[in-house]
Amino acid sequence: MFEFGVLGPLIVHRDGRPVVLSAPMLRRLLAVLLIRAGRPVQLSDLLDALWDGRPPPSARKTLQVYVHRLRRELQGAQNLRHGPLGYSLTVDRTELDLLRFVDLADRGLLARRSGLLEEAGELLRQGLSLWRGTALADVSDVGLLATEATRLEQQRLQVYEEYAEVELELGRHADVVVELEELTRSQPFRERLRGQAMLALYRTGRRADALSLYRDARRQFTEELGIEPGAALQQLHAAMLRRHDGTLDVVTTRGAVEPGERSAESASFTESPVVPGDTQGAESGPALRVRTGRRGAGELPVEVTSFVGRQSELEAVGKLVKGSRLVTLTGVGGVGKTRVALRVARDAHQIFPDGVWFVELSAVQDPGMVAHSVVQALELDDRTVKPPAEVLQGFLVSRESLLVLDTCEHLIDACAVLVESLLKSAPGVHVLTTSREHLNIVGEEVFVLAPLSVPRPVHPRGSTVESDGVALFVERAHAANQEFSLTPDNREAVGRLCAMLDGIPLALELAAVRLRSMSVEQIMERLDHSFTPLGFGRRTALPRQQTMRATMDWSYHLCSSGERLLWARLSVFSGSFRLDAVEAVCCDRELPRAAAADLLSGLVEKSVLQWEDGISGTRLRLLDVVRQYGAEQLWRRGEPERLRIRHRDHYLGSARRFEDGWFGPNQLSWCRLMRLEHDNIRSAIDFCLSRPEEHRAGLDLVGRLWWYWTSCGLYAEGRHYLDRFLSLNQEPGAERVRALWACGHVAMGQGDADAVHRVAVACRSLAAASGDGLALGFSQHLLGTEAALRGDLDKAAVLTAGAVRLQRDTGSGANALAMCLIGRGFVHLLRGELEAAVGVLEEQRSLSDGCGEVWTRAWGDSLRSSVDLARGDIGSAVTHAWAALTVRYQLCDSLGFAMCIETLAQAALAGGDARRAVCLLAAGQRIWQMSGPPQLGSPELRAARVQCEQAARELIGDASYESAYSRGAELSLDEVLAYAYDAVPGPGDPPPPSNARVRGR
C-alpha cells in the first residue's frame, strides 16, 4: 500500500517504507499528478511544470522517459495512465494526505452545522495536523507547482479559520489566541482571521491589544489597498469600544468573512460534490464558493489565448461605444468579432459604472428565448410573469451599463426588437453587438472589422514581422511547435501564407497548429489544392468569405476519417459538452466509444475543438464557425435527424437522473451541472418543439426539470416551455400529469394564483382517473397553498392536511412529503397555530436532513423563522432565517431571499433597531419588485410587512425612515447579504457604505 504526502515536502511510502525519488524531474512529475489526483493533467501543464515554462524541443520524448521511470520507481503502478486528455494518477483517498485533509474538513463542517461542536473541532484539528510544513516545499520552485502550493496554503488557512471559529464558540479562546496573533501578522488582509484574533484577545482580557489589531488593519487597508476594513470588522470594533457589549460573550465574527467566502453553516470543502455517475465532477481541493458559476456585472469571459494587434480597431470601437448607444461589429466568420468586443467591453468598465454585461447568443436557436437569455446573463431572477423584455427594461431603466450581445445574425429580428426597446426605455444603456448582419435600427453605428494586416508583394521583406497577421501566426505556431520561430529563411514564406489566408485570425490559427507535422511550404501547397477548385487563379485574390471556407475544407480533409465523422456529429451540441455526452450521442459501430477519446484529443490538437477545464471537470466546445461547418457535413451525410434524436435522448436521460437525484446531498452540484448543460437542454427542447411526433418527449423533458426551474430561479423560462408543451400535447398520460404539477409549482413561485388553480384542478382530475397518488397529493398541495395565498385559510387547512395524508398513505417518498409539509406549516403559521407549525416543520427538517438536501430545508427554515418570531424567540428566528438566506443566496433564489430579508427586518425591529429594519425592508421590497408579486400576493404576509413599516416609522420618525429606506433600496444583493449577516446589532449602527467591497448587481 502506498502513502503519498504533499502537505509539506513531497514524500512517498510503500508498505511503511520510504520510496526515494532522487531526480528532481521525477518529484515534480509525481507532485503534479498527485495535486490533480484522479484527473487528467494536460501535456502542456506537465511540460510547463517540469521545465518551468521553457520545455526544450525534445521535452515530449523526455517526458515519456520520466513517466516510464516513475512507473518503475512505483513498482509498476497500474493507476498511472495516459489518455487523450493527458496523464492521470488514481489514488485511494486514504493514500494521499491532501484527500484525507479534505475529507476531515468536510466532516468537521458538517458536524458544526449539525451543532456537534466538540466533534467538529476534533475533526478540523485532525485535518490540520496532517500538515508538515509548506505544501510541496521541495518542489514548488516552478510556476505551476508554485501556484498550487499557494492555493493549498489558502485552503489550510480557510480550514484553520473554521477551526478557530469552533474553538471560540466553545469558549477555548486561550487555546488559539497565540496562533491567531501569529497568523494575523503573516496574513494581514484576511479579515475573518483578524476578527477572530481580536475576539480571542478581548476574551483573554487583552482589550487594548484587540483594538490595536483593528487600528493596524485600518492603517494597512487604507495605505496599501485604499479601502476601509469590511462592515463586519467595523461592527466588531464598535462593540469592543462599548466595553460591556454582551454580544462579545458569544461569537460575533461570523460575518467577518472575506469577500466571496461562504458561511460555515453552508460550506462544503469539496469544491464540486460528486453527482451520481459524475466522475468528472470530482475535485481534489476545497473551495470557497458554491454559487452556480454565473458571471456577475463586469465579470467577462476569460480569454484563453493572448490577444494580438488590433490597437487601432480597439480605439475606434471604444470611441464609438462611448459616443453612440448602439454599435454593431460586423465582418466575415472567424475574423475575431467576439474577441474584439470582449476587449472593448473590458476597457469600458470606467465608462459604465453599473456594469458591463456579456450575453452569448450562439447557442440560442429560438428567437423567443433571446430576452430570456439576456435576463439570465444579467443574473436577474426571471420569476415574474411579465415578458422578459419588460423585466430588462425595469432593471436597466436607471442604470449606466454596457450590454454586449454576441453572435446575433441567426436571431437578427428578435435582437433588433429587444435592443430597440431597451434603448428607448433605458437612456443610460449602450449596446454593442457582433453580427454578420446589421440590426438596421435608427442610430446604429456599424464598424466593419477587417482581417489582420498581412504583408503584400509590394512590401519589403523586412515588413513581414510588423504585420499583425504574421505576429498572430508566429505566436500560435510557436505554441504548437516550440521549435518554430520566424527566421530570415522562412520569413517570406510565412508572409505569403498569411496573405494567402487573408489575415483571418481563425484561418491563421488553424494553419498554425499544422506546424507540428508540416512545414510552412507544405501547408501552402495543401492550401493551394483547396483553393484551386473554387475557380480562382490567384490565391491572394480569393474573396474573404471563400478564404475561410477553403481553410475549413482544408482543415477538414487533413483530419482522419474518424475525426471528420466526429467533427460532423459534434455539431449537434450547443455550447459546451462533456465526454460522456459525446460517447452517448456520437458513438456507434462506425465510431466506437473506445475511439472517441483519442479522436477528441486529435481534434483538440488541431484547434478544431476547444476544451475548458473547470470545477465540474473537462468540457469541450466548438467555435461557432467550426460548428456550422460540421453541421453542413452532417447534413451531407444524411445524419442530422438521427443525431438530434440521440442528443434529445441523452439530455432527457440527464433530466430523469436530475429528478431522481435532486432530493439528496448534491443539490448545489446538480444545480451547477445543469446550468452548464443549459444550452444543450434548450437545444433538445427546441428539437422537440419543431416536430409534432416529439411533443410528448418534450413534455416529459420539461416536466422532469421542474426542480431545476424552481430551485435555480428559472421560473419564467420553465413556465414558457411548460405552457407551450401542455398546449401542444393534451393527450392524458403520466407525462402530462407531471408537467401539470410542475407548471403549478412554477406558477406558484410567480404568484400567478389563477394559473396555479387551473393546472392543479386539471392535474387532480387526471391523477384521480389514473390512481396516481403522488400527483393527487401534489395537486392538493398546490390548491391548498393557492387558497392560503388568497386568504381562504379554512379551505387551505383542509386541502394541505389532505395533501400530507395522501403522501403518507401512498408512500410517495421523503421529497413529496417534505414539500407538502411545507405547505401545511405555512397554513398553520397564517392561522396562528404556532405549536402545530413547529411540529410540522420539525418533521420536515428531519426528512431533509435525513437525505442531506438543503433546498426544501431552506423553505422550512424560512417558515420556522417566521414562526419563532411570532412566538417571541428572536434569536431562534434570526438563526433560522440566516440558515435559509445562505442557501437562497447560493442558488440565486430571490423569492426565498426576499422572504428571509423581511423576517430579519421584523427581527431587527423586535430587537429595537428600527433603522436597520427599514433598510432591510427597503432591500427586500426592491427584490420583490424585480421578482414578482410582493409577499406572493398573500394578504397576511402583506399585512405583516405593513405593520412592521408603520411601527418602524413611529419609532424613528418620517425623516429617518425615508433616509434609511433610501439607503436600503440602493444596496446590491451581495451588500444586503453582508448587512443582514448581523441581524440584531447594537442600536443605531449604520448600514454598510455604498462602496462595500462585494460584487454588486
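## Exercises: cavities, a helix pair and confidence

The count comes to four cavities of 30 Å³ or more. Here a cavity is a set of points on a 1 Å grid over the protein atoms alone where a 1.4 Å probe fits but cannot get out. This is a predicted model: local features need pLDDT (the predictor's confidence in each residue, from 0 to 100) of at least 70, side-chain atom pairs count only at pLDDT 80 or more, and totals for chains, interfaces and linings use all residues. Residues are numbered from 1 along each chain as its sequence is written, and side-chain values use heavy atoms, without hydrogens and water.

**Exercise 1.** Describe the largest cavity and its lining.

- Volume: about 370 Å³, the space filled by probe spheres set on the points.
- Lining: 19 residues (an atom within 4 Å of a point), with Met748, His781, Thr785, Ile822 and Trp859 nearest the centre.
- Elements giving two or more residues: helices H31 (734–749), H33 (773–790), H35 (814–830), H37 (855–871) and H39 (894–910).
- Classes: 13 nonpolar, six polar and no charged residues.

**Exercise 2.** Describe how H16 packs on H18.

- Geometry: H16 (residues 468–480) and H18 (residues 505–512) pack at about 35 degrees, axes 8 Å apart.
- Hand: the crossing of H16 and H18 is right-handed.
- Contact (heavy atoms within 4.5 Å): H16 gives Gly469, Leu472, Phe473, Arg476, Ala477 and Ala480, and H18 gives Pro505, Leu508, Glu509, Ala511 and Ala512.
- Classes: eight nonpolar, one polar and two charged residues.

**Exercise 3.** Locate the weak and strong parts by pLDDT.

- Chain: the mean is 80, and 86% of residues reach 70 or more.
- Elements: strand E12 (residues 609–614) has the lowest mean, 71, and helix H28 (residues 695–704) the highest, 94.
- Under 50: residues 251–297, with 153 contacts beyond four places in sequence.
- Also under 50: residues 458–465, with 11 such contacts.

Key. Axes fitted to C-alpha atoms, helices over the stretch in contact; angles between N-to-C directions. Helix = DSSP H or I, 4+ residues; strand = E, 2+ residues; numbered from the N terminus. Left-handed = near helix turned anticlockwise from the far one by under 90°. Nonpolar A, V, L, I, M, F, W, Y, C, P; charged D, E, K, R; others polar. 1 Å grid on protein atoms, 1.4 Å probe; cavity = no way out; pocket = protein on both sides within 12 Å on 5 of 7 lines; lining within 4 Å.
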